[in-house]
Amino acid sequence: MSRFKHLISIEDLTKDDILYILQKAEELEFYAKGTKGDKINLLEGKILANLFFEPSTRTRMSFESAMKRLGGDVINMTAQEASSIVKGETLADTIRVVSEYADAIVIRHPLEGSARFAAELSSVPVINAGDGAGQHPTQTLLDLYTIKKESRLEGATIALMGDLKYSRTVHSLIKALTLFNTRIYLISPDALKLPEDFLEDVKGDISEATLDEVISEIDVLYVTRIQKERFPDEEEYRKVAGSYIINSEILSKAKKDLIVMHPLPRVNEISSDVDLTRHAIYFKQAFYGVPVRMAILCEVMGVALGEVKVG
Amino acid sequence: MQLTISKIKDGTVIDHINSGMALMVLRILGISSGTKEPVSMAMNVPSKKMGKKDIVKVEGKFINEDELNRIALIAPGATINLIENYEIRKKFRVVLPGFVEGIIKCPNSNCISNAEREPIRSKFHVSKEGEAIVARCHYCGRKLRSVEDFIA
């Protein structure tokens with residue numbers, strides 16, 4: 001019996017659901033690496049449909065990898081194919097048709113709420129891989145998994161830095177982190193602060209800070225990209241973005257076991273000299289997307305890990 | 001002061017509507033030019049309790065209770081009298097529904113509920129924050145405070 005049929009928003013999950021998925025991901029991590037000879041065929045014979053109405057190569061490939069590591073198959077609709085569909089067919093019709101072709105659907109769509117709407121129409125489970133500025137719950141789960149694996153989740157001190165206004169990754173992550181008694185510091189330029197009405201809705205130990213003030217205290221530094229299009233002119237962007245760059249010099253003041261995370265792709269907000277430090281976790285974080293998505297795929301398709309066939 | 005609308009024999013009387021909200025009450029109840037029943041409406045009627053209030057009377061029709069409760073979105077103090085043969089058969093105060101469909105239009109232009117051609121109705125979760133009524137879009141999560149500004 002699945003705990004949830006669809007995964008639309010991180011807010012649909014309880015703390016217990018989240019911990020359960022993280023636990024399952026840990027059990028699957030070994031298989032996510034695809035070490036020679038170690039296969040797990042939990043989803044053999046199942047088909048996953050990737051419906052990407054806007055491009056996100058990374059997320060799509062991560063789902064594809066997760067499904068294939070579980071012995072399943074993937075059918076894809078690319079953003080290019082989607083654009084021709086969008087002109088003629090409603091999302092409702094696309095979902096009704098594709099849910100007849102596959103055992104689960106992963107959807108990325110530019111409109112907020114589209115994944116929840118898709119779940120209402122689909123005869124098979126729907127996983128939200130990003131709906132406009134809305135939700136991206138699998139990213140949040142892989143972020144939580146990374147924090148749990150590489151640092152600690154319960155009671156951690158976490159700084160979120162960069163674009164806190166528009167980043168859906170940050171919004172979902174903050175909501176989830178408040179379930180784990182974390183202390184959260186917000187570091188952003190004035191123009192990209194966390195929206196007031198978002199803050200009204202979350203309860204927790206959340207305060208604004210500068211990186212200098214908290215660098216020696218934090219366990220996790222989560223960096224997001226500051227996008228050029230958020231600023232009225234290029235000069236303003238350069239000035240602001242330039243003061244939100246992480247390099248190894250800044251990190252010399254950090255705790256030894258501080259981890260630096262980033263949802264990727266990065267531009268220049270983390271300089272490449274950080275890659276070589278023990279703090280750099282972002283590539284591992286990207287890998288963790290695979291076991292976490294494996295756990296989610298198993299859950300929505302109702303396959304328990306107890307049925308593992310190792311071959 | 002003389003009452004400006006007369007008693008009805010059978011039907012639904014919606015009293016204690018916040019003044020100025022009567023037209024919106026009609027809209028929420030789907031009462032329009034196509035409605036067959038006689039409908040009367042009084043606005044800015046003096047009221048001891050409210051200062052001024054609006055009243056709506058729909059003759060010859062007992063409006064369904066769930067439908068009436070939607071009025072609480074914009075007039076939480078509204079009272080309903082179901083009249084039968086000039087007598088009050090039932091009297092109750094509207095109760096704020098927890099969930100409404102198709103009444104509120106989501107102001108987020110990027111919300112799927114506003115997509116043209118999709119077979120979708122708006123859905124909102126309704127709750128109270130102190131005295132204020134707040135509605136949250138089921139699809140995009142947008143939170144609304146002055147619900148009366150977003151009645152479809």
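The largest cavity of this predicted model encloses about 80 Å³ of space. No further void of this kind needs description, for the structure holds one cavity of 30 Å³ or more. Its lining is formed by 13 residues, and those closest to the centre of the cavity are A:Thr224, A:Ile226, A:Ala241, A:Tyr244 and A:Glu269. By character, the lining residues divide into eight nonpolar, three polar and two charged. In general terms, empty space of this sort is revealed when a probe the size of a water molecule is rolled over the atoms.

Chain A also contains helix α7, which spans residues 168-177. Nine of the 10 residues of α7(A) are buried, so the helix is largely enclosed by the rest of the structure. The buried positions of α7(A) are A:Arg168, A:Thr169, A:Val170, A:His171, A:Ser172, A:Leu173, A:Ile174, A:Ala176 and A:Leu177.

The secondary structure of chain B consists of two helices and nine strands. Read from the N terminus, these elements follow the order β-α-β-β-α-β-β-β-β-β-β. The radius of gyration of chain B is 16 Å, close to the 15 Å that the globule rule gives for 152 residues, so chain B is as compact as a globular protein of that length. Further overall values for chain B are collected below.

| Property of chain B | Value |
|---|---|
| Box filled by the C-alpha atoms, along the principal axes | roughly 50 × 35 × 25 Å |
| Share of buried residues among the 152 residues | 45% |
| Share of contacts with a separation of 6 or more that join residues 24 or more positions apart | 59% |
| Exposed area | about 8,200 Å² |
| Share of the exposed area supplied by carbon and sulfur atoms | 48% |

One residue of chain B may be considered individually. B:Glu67 belongs to helix α2 of chain B, which covers residues 65-69. Is B:Glu67 buried, partly exposed or exposed? The relative accessible area of B:Glu67 is 27%. Buried residues lie under 20% and exposed residues over 50%, so B:Glu67 counts as partly exposed. Along the chain, B:Glu67 and B:Val94 are 27 residues apart, and their C-alpha atoms are separated by 9.8 Å.

Methods
Residues numbered from 1 in each chain as written. Chains lettered and ligands numbered in written order. Predicted model: local features only at pLDDT ≥ 70, side-chain atom pairs only at ≥ 80, totals over all residues. Heavy atoms only, no water. Helix = DSSP H or I, 4+ residues; strand = E, 2+ residues; numbered from the N terminus. Buried < 20%, exposed > 50% of the residue type's maximum accessible area, 1.4 Å probe, protein only. 1 Å grid on protein atoms, 1.4 Å probe; cavity = no way out; pocket = protein on both sides within 12 Å on 5 of 7 lines; lining within 4 Å. Points joined across faces, edges and corners; volume = space filled by probe spheres on them. Nonpolar A, V, L, I, M, F, W, Y, C, P; charged D, E, K, R; others polar. Rg over C-alpha atoms; globule rule 2.2 N^0.38 Å. Contact = heavy atoms within 4.5 Å. Areas by Shrake-Rupley, 256 points an atom, 1.4 Å probe, with all protein chains shown as cover.
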